[in-house]
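Here are my notes for when you open this one up. Keep the viewer beside you and go through the points in turn.

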Amino acid sequence: MRVVLRKAVFYLLTAWAAISINFLIPRITPGDPADNLIQQFHGKLTASAIKALRVLFGQPHESLWQQYLDYWHQVLTGNFGLSFAYFPSKVSTVLVGTLPWTFVLITVCTVIAFVVGTLLGTLAGWKRGTWLDSLVPVTTFFSSIPYFWFALLMVVIFANILRWFPIGSGYSVDETIGWNWGFIGSAAYYAVLPAVTIIVASIGGWLLGMRNMMVTTLSEDYVRLAEAKGLSRRRVMVTYAARNAILPSFAGFAMSIGFVVGGSIVTEIVFNYPGIGVVLFHAAQAADYPLMSAIFLVITFMVLVANLLADIAYAFLDPRTRES
Amino acid sequence: MAMSTATVVEAEAGGESVRGSRFAWLRSLRSPLTIVGIALTAFFVIFAIIGPFVAPYDPSQVSTATDATPSWGHWFGTTHVGQDVLSQMLYGTQVSILVGFGSGVIATVLSVIVGLVAGYARGIVDDVLSLLANVFLVLPILPLTVILAALLPKSGSLGIILVISITSWAWGARILRAQTLSLRRRDFVEAARATGERPGTIIFRDIFPNQIAVIAASFLSTVTVALLTQASLAFLGLTDVTEWSWGTILYWAQNNSASLNNEWWWFVPPGLAIALLGTGLSLVNFGIDEFINPRLRQAGIGTKASQRARIRSRRLAVSGGRGARVERPAAAAYTQASTDVILDIRNLNVDYLGDGTVTPAVSDVSFTLRRGEVLGIAGESGSGKSTLAYAITRLHKPPAEISSGQMLYTNADGSVTDILALTPEELRKFRWEELSIVFQSAMHALNPVLRIGAQIDDAIKAHRPEMSGPARAARVVELLGLVGIQSDRVDAYPHELSGGMRQRAMIAVGLALDPEVIVMDEPTTALDVVIQRQIVEKIMELKDKLGFSVIFITHDLSLLIELSDTIAVMYGGKIVEYAAADDFYRHAQHPYSRGLLSSFPTLNGPKRELTGITGAPPDLRKLPTGCSFNPRCPVAFDKCTEVVPPLFTIPLATGGTAEAACLLYEDGAPVPGISNGAHDSLDSREPVKEAS
């Protein structure tokens with residue numbers, strides 16, 4: 001129970017920190033972002049839009065504390081103001097239209113990369129000293145590849161030269177978005193290249209981590225005892241070695257998922273995939289702070305939820321954390 | 001929320017990671033992969049320095065040769081405005097490396113400060129700093145750097161370095177904190193604190209130098225992260241796009257549709273460079289990891305192909321395989337005169353194979369174990385007794401190898417099994433059915449994520465596949481009952497049991513298939529005296545009830561004398577004395593045994609001075625010439641440094657015999673004044689030679 005409470009406090013604190021960082025960044029950087037934006041869209045903004053902008057990015061005539069309270073009010077009501085890159089759409093509208101694409105893509109890719117990487121890592125660790133050791137330098141190379149560069153290669157080879165897969169959209173224009181097979185099939189087809197890119201680039205991290213933990217775990221006494229007891233190799237490998245070796249993968253989920261999300265966002269840009277990455281790119285190019293900070297909050301929130309799930313899974317996998 | 005390395009650091013820091021020279025880790029950089037890594041890294045660092053001087057063109061110079069494929073004039077081709085890609089790469093290397101290593105340095109300094117202070121200070125400072133690090137660890141770095149970079153418009157390299165540094169210090173800080181926490185408890189740090197050293201001095205003189213390897217690893221991973229982050233930011237146009245870096249080249253390539261136009265020469269080199277440098281850095285890190293976590297170097301149990309081949313080639317004619325299972329005769333009480341040998345170990349040699357070196361851990365060990373007998377094997381740490389325990393059960397791991405010898409097991413039906421000739425599958429069936437082992441530390445030998453009941457059940461299931469689930473469950477409860485664990489603890493996890501309970505559970509695991517022989521490797525060492533007593537009594541009670549034979553290994557000679565029928569004393573990998581426990585207690589023959597006996601008090605004997613043995617156990621890699629005990633032996637004479645004494649058989653007054661490997665008995669008769677009792681002689685004798 002205490003563990004759950006501590007975790008809850010941690011997540012609330014992290015969420016608070018993310019929101020506060022978002023509040024502070026435009027206020028501590030030189031210049032006045034709000035003023036710049038208002039100047040830039042001079043005449044196009046309504047009085048209420050200007051007010052919202054000031055609340056988000058700095059009200060020179062208010063106390064910092066009052067600004068902070070106003071800011072929280074905005075955030076909690078989901079009012080992130082207008083987007084400039086997608087003027088005159090509201091930030092929330094832009095997010096609602098793009099977030100599902102990114103969410104599904106990253107979730108599916110992370111699950112596949114984690115499962116396949118962990119399985120391969122288990123085997124590579126178990127068969128240490130065989131040809132599988134050559135997976136180490138190979139996967140090290142793959143995990144050092146920048147996602148977006150690998151995406152460029154995929155575009156050239158599979159979209160331009162071989163013309164096997166389409167890019168530039170999330171689904172075929174002939175389909176209508178909805179729960180129909182035509183759309184789902186088309187969306188899956190368009191997602192193949194981005195998905196393969198993300199999976200290939202992120203699988204190495206899981207694989208290497210799992211392999212090293214397997215090798216470490218294999219020298220534990222309980223693995224030796226399991227072998228001595230005459231258990232099948234499969235049971236020794238899965239229930240005794242892998243079952244313990246996988247725990248750090250869950251514990252280290254936070255950092256890994258941060259990288260995957262970062263890489264995936266840039267990958268989307270290369271494929272012009274209609275997710276949040278392209279939006280972030282446009283926002284950054286147009287200095288669209290409202291949109292950028294909202295994206296940062298949303299992504300942080302997604303990462304926090306993913307971590308929470310990993311924590312819950314960890315509690316199920318490791319009986320030692322369940323009590324005390 | 002630790003990741004693999006941190007967990008390992010936390011686990012290993014207690015032991016081997018800081019052993020030896022502080023710069024010993026540099027030696028671990030000799031593996032081929034690490035050398036490749038160093039070469040790759042050096043390659044790029046060199047080009048970062050000389051790049052601008054060897055570049056054939058000005059990287060921004062526009063020319064008429066637009067979109068040219070690679071040629072002699074332009075090795076890497078040209079861009080859409082005719083700029084030379086090779087020159088851009090050569091100039092770009094400098095900025096990419098500068099940002100990567102610059103961020104690495106700043107972020108590492110931050111993590112060292114936070115990690116060391118948090119780990120050393122503990123308390124509220126630690127809580128706050130750890131929380132800060134954990135929060136930064138969870139925050140997604142890329143969107144955060146995008147915002148920061150966008151708000152510092154067109155920042156130069158310095159701005160990017162700062163942005164990357166403040167978003168990527170948390171991971172290193174976490175690892176270093178864990179490492180500091182464990183170092184803090186070490187003797188040398190405790191000692192420094194006790195003598196009133198200032199915390200700053202302790203941190204920087206005693207703790208920091210011991211973490212160089214961890215810091216180096218954390219630095220190299222930060223450099224990799226920084227390289228990738230800088231490339232991403234540059235690719236998104238968030239850095240100064242007129243300053244050439246690998247990311248900037250990709251930015252221009254992307255903005256001019258290089259990928260759509262199949263201009264691979266334009267965008268392949270920068271990405272490949274990032275990937276290769278990243279690989280180089282990671283490979284170096286692998287070398288450091290193997291140093292920090294020595295287990296990564298050890299071969300796992302998957303690497304037994306060579307061993308198997310060796311064993312196959314040695315299969316002996318004696319083997320009739322394991323006989324069909326027979327009902328065992330009711331346990332006959334063991335007597336000294338018994339000739340019912342169940343386990344016969346002959347001339348067993350176990351070596352540790354190193355880089356071209358062979359270290360004998362068990363040398364020419366022979367003994368027999370009779371049905372119902374308790375054979376106690378005593379020895380100091382490093383005497384080879386645990387290696388022997390593993391070798392008997394064939395559980396030894398590389399680099400340990402049985403180089404020669406024979407281990408014969410007599411089945412209940414009288415047939416003989418050559419244990420060393422068993423195939424892996426035969427061995428799997430034989431072990432636990434006939435011969436089981438109880439490990440030293442129940443804490444480490446029980447699977448932490450599996451219930452106690454399941455860990456007994458799976459052994460039964462593996463050997464008796466025909467047994468039904470309920471029957472196995474009943475057997476598990478019965479076994480736990482035998483060792484004195486209540487049936488409601490079947491579903492308990494190891495961490496929910498006390499130390500004594502865990503050791504009982506271990507014994508229950510060992511008894512699961514009602515084996516004939518149980519090897520017990522220091523089964524009570526980690527327990528307090530009261531629990532130790534209970535466990536030993538339980539073992540003896542079970543032995544009488546179930547009639548198995550025991551090889552009991554410990555350094556605790558007093559315990560051994562009490563529970564054993566026969567005692568073997570090991571020194572320097574050899575058995576130096578072998579005698580019935582009573583005879584041993586009254587008339588220990590070997591000077592080493594006498595030394596051991598005089599190092600603990602008797603309960604009802606006369607008061608005497610406890611002398612023990614001076615000096616330290618020998619290093620198996622450099623055993624003294626002749627008798628390996630000679631440097632510590634109070635009665636050694638010249639010949640002892642020349643001749644390795646074999647076991648001499650000594651007739652005893654009781655009518656039995658003892659064996660001792662000591663030249664004093666070369667003539668076959670006990671030397672007067674030596675064998676007249678353990679408790680009077682050595683203390684009063686004039687030491688012939690002072691131990692070194």
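1. Start with the sheet in chain B, and keep in mind that this is a predicted model. Four strands make an open sheet in the order β2-β1-β4-β5, and the pairing is antiparallel. At the edges sit β2 (358-370) and β5 (416-418) of chain B, each pairing on one side only. On average, neighbouring strands here are turned by 5° against each other, if you ignore direction.

2. Now zoom in on one pair. Strand β1 (residues 341-353) of chain B runs antiparallel to β2(B), with nine bridges between them. If you want one to look for, Leu343(B) has Leu369(B) in β2(B) as its bridge partner. As background, strands of a sheet pair through backbone hydrogen bonds.

3. What packs on this sheet? That's helix α14 (residues 385-392) of chain B, which touches β1, β2 and β4 (400-410) of chain B. The helix direction makes about 65° with that of β2(B).

4. Next, see how the chains meet: 79 residues of chain A are in contact with 78 residues of chain B. Watch the naming, as chain A has a helix α14 too (residues 289-317), and that one gives the most to chain A's side, with ten residues. The residues on that side of chain A split into 45 nonpolar, 23 polar and eleven charged.

5. Finally, the largest nonpolar core has 290 residues. Which of them touch the most other members? They are Met292(A), Ile295(A), Ala508(B) and Ile551(B). Leaving out residues up to four places away in sequence, Ile295(A) touches Ile276(A), Val279(A), Leu280(A) and Ala283(A), plus Pro143(B) from the other chain.

Technical notes:
Residues are numbered from 1 along each chain as its sequence is written. Chains are lettered from A and ligands numbered from 1 in the order in which they are written. This is a predicted model: local features need pLDDT of at least 70, side-chain atom pairs count only at pLDDT 80 or more; totals for chains, interfaces and linings use all residues. Two residues are in contact if their C-beta atoms, placed from the backbone, lie within 7 Å. Helices (H or I, at least four residues) and strands (E, at least two) are DSSP runs, numbered from the N terminus. Ala, Val, Leu, Ile, Met, Phe, Trp, Tyr, Cys and Pro count as nonpolar, Asp, Glu, Lys and Arg as charged, and the others, Gly among them, as polar. A nonpolar core is a set of buried Ala, Val, Leu, Ile, Met, Phe, Trp, Tyr and Cys residues joined through C-beta atoms within 7 Å. A residue is buried if 20 or more other C-beta atoms lie within 10 Å of its own, exposed if 12 or fewer, and partly exposed in between; C-beta atoms are placed from the backbone. Two strands pair if DSSP finds at least two bridges between them. Axes are lines fitted to C-alpha atoms, for helices over the stretch in contact, and angles run from 0 to 180 degrees between N-to-C directions.
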